[in-house]
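Here are a few quick notes to go with the structure. Have it open while you read.

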Amino acid sequence: MKKYVLKRILIAVITLFLITLILFIMEKAMPGSPFNDEKMSHAQVAALYHKYGLDGPVPLQFFNYLKNMLSGDFGVSYTVQVNTPVTTMIMQHFIISLQIGLQATVLGSVLGFLMGILAAIKRGTIWDNLMTGISVLGISLPNFVVALIVSIIFSYKLMVFPGTYQPSQPFVSSILPTIALSTFTMASIERYVRNDMIDIMNSDYYRLADSKGIKKFQLIGHHVIRNTLISVITVLAPLMIDLLAGSMVIEKAFAIPGLGTLYISAIQANDYNVVLGITFFYAVLFISIMLIVDILYGLIDPRIRLDEGK
Amino acid sequence: MTNIENDDFEFAHKSETVDHYSGKSYSYGQLVWHRFLRNKGAVISAVVLIIIALIAVLAPHLSQYSPTTPYPNQSNLAPGVNGHWFGTDNLGRDIFVRVAAGTSVSLRVALVAMAIDLVIGTSYGLISGYFGGKIDLFMQRITEILSTIPMIIIVTLLVLVMKPGLVSIITAMMIVGWINMSRIVRAQVLELKTSEYVLSAKTMGESDIKIIFSQILPNTLGQIITTFMLSIPNAIFLEAFLAFIGLGVPAPLASLGTMINDGYTQAIVYPYMVIFPVLFLALIMLSFNIIADGLRDAIEGS
Amino acid sequence: MKKSALLATAIACVGLLITGCQKNSSSGTKNQDKITVVQNATVDSLDPILAYQNTSSTVVANTIEGLYTIDAHDKPQLALASKVKTSNHGLTKTFTIRKNANWSNGDPVTANDFVFAWRRLSDPKIASAFNFQPGAAGIKNANDIVAGKKPVKSLGVKAAGPKTLVVQLDHVVPYMNKLLAFSDFAPVNQKYFQKTGKKFAQDSNHLIYSGPYQIKDWKLGDNTIQLVKNPKYWDAKNVKIKNVKLDIITDPEKAAIAFENGSADYVHLSGQLVSKYRKDKNFVNDVGNFTQYIMFNLKKPGLDNADLRKAISCSINRKEITTHILKDGSIPSHSMVMKDLVKNPATGKDFADESTTNLYEYSPAQAKKYWNKAKKATNLRSFTLLYDDSDPSYANVAAYIKAQVEKHLPGMKVTLQQVAKKTRTDKMSKATYDATLTRWGPDYADPTAILSMYQSKNDSNYGRWANSEFDKLMAQSDQTTDQAKRYKLLLKANNILIDSASCPPLYQIGAPVLQRANIKDLPMHIAGVPFFFKYASIK
């Protein structure tokens, strides 16, 4: 186990280094610079390049960047939030994204889980069809469409929730984005839970337990849900990463000043340090979630051997 | 030791093995086909998809309107006015024809990207799984590293560096899309590799390539097709996502994604500019998902 | 299902309770001393010399006042200075700073605060995007300092006493007062600046104010910024609106929804939303500050042919663009200098109306004539029209231009290329484009704010157009103190530029807004700082 985790961390470090290197080169290849603008003269742009140390050879710049990075300094923003340290920016905006992301994950997985169980227990009935219908729809509708629908209904027509993010009411303004963001999670979880439950309910041990006269409710609560949880956790990890992409779209749709919005505006403004910093942050987040899930998976179901490399 | 003659081996002649095999595959295919036809939802979806594809291909040619030529004094007509079924957009272009043209762009992007993925992913998985050992270890490290980078980041950055355009969007999707396919194929191959008929073919001295193509590939086909069908809606979604964050196919080309993005900011003024492309997008995604589900059920024989 | 339905209802109920019942507040704001203004650009910095976006300069100008403000009638008014004395043929200006002008931390505003701030502004090492402005205002040595030829200390500004600021000029600039009202000329308290160091202006705890408002609970990156009345402001008794909230909403439709449900009192409309609200009683339509035009790269063989450019210009129907495609209050434009920017000092007529009108306007016959002439001189039969994605209307306008040019100039093919804005400006400065859809807004209310970029040696002359007579007229206008004569010189220069068809103007953008009808005296200024909330009131 320990060896496995160490190996994974080593791979993660190599990956992160590669990401940083590739991104650094890509940024230099991008058209334009952080500073070019119709109204900036060549002298001004050159002075800014000098000021931020962008006028040296690229390998040296990369070396300096790595050196600073190891001491926790990811540089400052050039244009989006001029001279703010990138780490400050990421923390400031991530908190908002995290709140909505977590809410959506919880809402989506709880709803999905309940719907899946309902569909499996009432298999073949109208309930099953209804749940399956909702989940197929949830998977098929891009979340920005869901965002549009809920914001037209609840913000424009009924005027019950704000259509844009209000920092003074962080919870109220997160309700519509949370709903829009959770539909895909909900739909995916519903499908997995339903299929899993049906598999288990068809299994021999379930039939055995059933024939032994154990109460159905108890049976489902004890055996089935526990087994289903395993598959939920596995799908939840990639889903949380999907939320990352979703958050970019949802944050744009609801004018939420989260990390996704910041990432898009930094990309559009060629704000190198911010793009690098956020990408690095996303990658660390992604890798850690995957690792934690794999370990959790091992804990829940000891039969699964983690160091199965071949 | 002399009583074993050459003709003793005639029975397991190569041609006969293949014959026997292909016959079995045919009936299996038939079985899947019949199971699929029994799934009403999947059949309806397939019909819907065919109709949409026909509209996408034919409408721009048959209609009296062009998807690109502007008629400013006909701009923003409501659906039904002057023979424009879905109304017209800000430049007076017919939305029905534009949705049809946009559908064909979206479908093309998804199909081309996924077809390339199919080839890369399948061969990667086959090679990695079949040869195993050091080759497998090395190839698995590559996919492991690639898969730890959030896909959305790769796509966004690639499109950015290569400038938004059909080619760059397809390339970006291609780079990230094959990993999933290769994993599924590899897992199948690992399972099949130890199966008796592959082992026996090996001991008979069949070449690796022959074994891969005549024994392993046909048996993984079901999984490959299901994965392929499921990844198409993903690709369509990815294209729409890129369009929504402003990195879609550049005008005058329009995909469903860019049309939705254009209509999004005027949804309360001209709702029909966004409703129709959304409807088409949703129908396509829905159909592919249901068909993929139906296919999987049919193949797994549930 | 029951559980989920219950949960959804529960969430909806909680939401209802918290938000309360919002009524569609129509023409009046609910509150007598509070307005919410929607801005579409984010705040990039509140350091006066780094604040580049419109929103940023609005906030700076309303919290850190300088020597002048612009009132509701677009006239400059003395602000932190109580009087100004002009001597030495107008080349020396002595400002007396108000006795009761204090920073919000209690420090008095001194002449040194201005000297320190303006030197920072001119410092070529800091490279403020506005470092051309001291030069544009005529301040002595400013241009040489920016060019690195003279030390920063030689800037023509000094403190002749704690409250006496002496400004020396190279030449008299008639619009200097308006320029000095811009946010980059705001004073900076040197002691405070040095004490806060890197944290300066990063959040509301690291800012002090000399203006009518101060900022409450804010840090860079927030999408809302709350201005509250500054009790220590010298003119606090005349500040009528106590709270101004700026909400940053980039999606115009979301902004309109915010106005409708009462959470905003002033929003910019754009694009198709205008047709929806045109008849609304809160609708106000003004012309905006940008002229949209086509810029040709004259270094490209073929496009240096004036007849070809005229043919292209004549094939585009500006009226059709503004009335059928944009529909947002934009107006066809015939002059590089936009409407409502400059008036003739003698007659009061608008510069834009007095410049050569209807030259190379839409005319298929003229287009054909020029095209036939051009075909003999050049074999260019295709070009690429570049535009960026910063506004959704550009793609529509570009598509229209392509269709028109291909229709009226048979044999000519236009390829459209859409790029990010940074890429477009990069291509423009490297001259790697054929023609581009671009726009230019004035930094100050004078024709030179537009025309000076077309001088052959100007860094921003992206079309590489060169005309010696134009250069001569511009140089002459720089030396002329007689306003009427200067106006005529600039008008003539403008006409030469239009006559070259090197950058045919298309339209001046509209600035339609939804504004609660009881908000008075809050005009949007088309050059410089957009809003001064000090003069606004709620009736």
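The points below cover confidence, one chain contact and one helix pair.

1. First, keep in mind that this is a predicted model. For chain A the mean pLDDT is 83, and 93% of the residues reach at least 70.

2. Which helix of chain A has the lowest mean pLDDT, and which the highest? Helix H9 (residues 216-253) of chain A sits at the bottom with 74, while helix H3 (residues 58-70) of chain A tops the elements of that chain with 91. Go carefully around residues 305-310 of chain A, where the pLDDT is below 50. Leaving aside near neighbours in sequence, that stretch has 6 contacts in the model.

3. Now for where chains A and C meet: 43 residues of chain A and 40 residues of chain C take part in the contact. On the chain C side, helix H1 (2-19), helix H8 (252-260) and helix H15 (421-430) each put in at least two residues. H1(C) gives the largest share, 7 residues. Sorted by class, the side of chain C that touches chain A comes out as 17 polar, 13 nonpolar and 10 charged residues.

4. Over in chain B, look at helix H2 (residues 40-62) and helix H10 (residues 272-300): their axes are 8 Å apart and the packing angle is about 140°. H2(B) is therefore oblique to H10(B), and their crossing is left-handed.

5. What does that helix contact consist of, by class? There are 11 nonpolar and 4 polar residues, and no charged ones. H2(B) brings in residues including B:Ala42, B:Leu49 and B:Ile52; among those from H10(B) are B:Phe280, B:Leu283 and B:Ile290.

Definitions and conventions
Residues are numbered from 1 along each chain as its sequence is written. Chains are lettered from A and ligands numbered from 1 in the order in which they are written. This is a predicted model: local features need pLDDT of at least 70, side-chain atom pairs count only at pLDDT 80 or more; totals for chains, interfaces and linings use all residues. pLDDT is the predictor's confidence in each residue, from 0 to 100. Helices (H or I, at least four residues) and strands (E, at least two) are DSSP runs, numbered from the N terminus. Two residues are in contact if their C-beta atoms, placed from the backbone, lie within 7 Å. Ala, Val, Leu, Ile, Met, Phe, Trp, Tyr, Cys and Pro count as nonpolar, Asp, Glu, Lys and Arg as charged, and the others, Gly among them, as polar. Axes are lines fitted to C-alpha atoms, for helices over the stretch in contact, and angles run from 0 to 180 degrees between N-to-C directions. Angles under 35 degrees count as roughly parallel, over 145 as roughly antiparallel, 65 to 115 as roughly perpendicular and the rest as oblique. A crossing is left-handed if the near helix is turned anticlockwise from the far one by less than a right angle, and right-handed if clockwise.
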